[in-house]
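Trainee: Before we look at anything in detail, could you show me how to read burial, strand pairing and helix geometry from a model?

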Amino acid sequence: MTNESNLSGPGSGQEVMLVTGLSGAGKTTTLRVLEDLGWEAIDNFPIRLLERLIGKSLGEEPPSRLAIGFDSRTRGFNPEEIIDLVKQFTTRDKVQTSTLFLDCSGAELERRYNETRRRHPMAMGRPVIDAIRAERELLAPLRRWSDMVIDTTALTTNDLQQAIRQRFAGAPSDEMSITVSSFGFARGMPPLSDLVFDMRFLDNPHWVDGLREKTGLDHDVSAHIMEDPAWDEAFSRIRDLILMLLPRYAAQGKAHVNLAFGCTGGRHRSVHTAEAIAQALRDNGFSPTVIHRNLGSRAADQIEGTPQT
């Protein structure tokens, strides 16, 4: 995921977001979530009518937050012409425009199309992977030009919904929302994190009798981790870095920050560290949400019989 929205939020005039990207990358899901968040969402809107819609139409008062979905299937689709057209909107008073591009790897898109047995809009009798390559080439100018790019390769539908909600829902007040999570590298990196800390340098409780089946929420596991000579200094530096960065993120208008702590299995070191950081944030006036992604997973920090440190 790259770039931040240049929108300043409701009340600053009409916000127009163009939602586009590769077919199968999640445009429909994105528009549905935006609609739930109060945006007026329109999918496959004819490009030639776009200028008539911005700042007018749809009743006497234009919608304050308008999301317009389009892709290679949309009538009149031409990336260069779309870019030139949207550039004209930037000169209009009280109209703020941005473009969200949904990307995805070719292999994952091919899997999705094969799984659902849907026909790719650019297939025209050729293999799905060839159609995906052709569409990617066609959309390349839009991807380069977009304000925001979300790669959905590793995202489930729920993950994408969460990402859209976190990015566009807006905080209920001026307070920045913070999520602190733990995860296991053995089960994949979290796709939605702003800062990721690898805690695998700490001694692993998995290899201590009596601790393997417990988690970082248990006192004796936490005590074992904190006995590691590296713990005190590492935790202090991570905590101080985060406390230094959060006000700077807030000053840049960032509404959501996701902090992730990983270890091999996501049950011991990462869990303890996430809890400790969350408490440090509370002590400094923040109200973080804590999520332990792999806490319920089996104790399997061993890969091919080799101890993981």
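Mentor: Let us begin with a single side chain, bearing in mind that this is a predicted model. H292 has a relative accessible area of 18%, and because buried means under 20%, H292 counts as buried.

Trainee: Where is H292 placed, and with which side chains does the side chain of H292 make polar contacts?

Mentor: H292 belongs to strand β9, which covers residues 289-292. Its side chain makes a polar contact with the side chain of S182 at 2.8 Å, and another with the side chain of E275 at 2.7 Å. Once neighbours within four places in sequence are set aside, H292 is in contact with S182, L217, V271, A274 and E275.

Trainee: How should I read the pairing of strands, and what is the strand order in the sheet?

Mentor: The general idea is that strands of a sheet pair through backbone hydrogen bonds, either parallel or antiparallel. Here an open sheet of 4 strands follows the order β7-β8-β6-β9, with parallel pairing. Its edge strands are β7 (195-198) and β9, each of which pairs on one side only. With direction ignored, neighbouring strands of this sheet are turned by 15° against each other on average. Strand β6 (residues 177-184) runs parallel to β9 and is joined to it by 4 bridges, and among the bridge partners, S181 is matched with I291 in β9.

Trainee: Is G262 buried or exposed, and what does G262 touch beyond residues up to four places away in sequence?

Mentor: G262, which lies in strand β8 (residues 256-263), is buried, with a relative accessible area of 0%. Not counting residues up to four places away in sequence, G262 touches F183, F185, F197, D198, M199, R200 and S270. G262 and T273, which are 11 residues apart in sequence, have C-alpha atoms 9.0 Å apart in space.

Trainee: What span should helix α5 have, and where does a kink lie in α5?

Mentor: Helix α5 (residues 128-145) has 18 residues, so at 1.5 Å a residue it should span 26 Å, and the end C-alpha atoms are indeed 26 Å apart, which agrees. A kink of about 50° nevertheless lies at L139 in α5, shortly before the proline P141.

Trainee: Which residues of α5 are buried?

Mentor: An α-helix has 3.6 residues a turn, so residues three or four places apart point the same way. In α5 the buried residues are V128, I129, A131, I132, E135, L139, P141 and L142, a list in which both L139, the site of the kink, and the proline P141 appear.

Notes:
Residues numbered from 1 in each chain as written. Predicted model: local features only at pLDDT ≥ 70, side-chain atom pairs only at ≥ 80, totals over all residues. Heavy atoms only, no water. Helix = DSSP H or I, 4+ residues; strand = E, 2+ residues; numbered from the N terminus. Buried < 20%, exposed > 50% of the residue type's maximum accessible area, 1.4 Å probe, protein only. Polar contact = N/O pair within 3.5 Å; in protein donor to acceptor, adjacent residues only side chain to side chain. Contact = heavy atoms within 4.5 Å. Expected span 1.5 Å × (residues − 1). Bend = angle between axes of the 7 residues up to and from the residue. Pairing = 2+ DSSP bridges. Axes fitted to C-alpha atoms, helices over the stretch in contact; angles between N-to-C directions.
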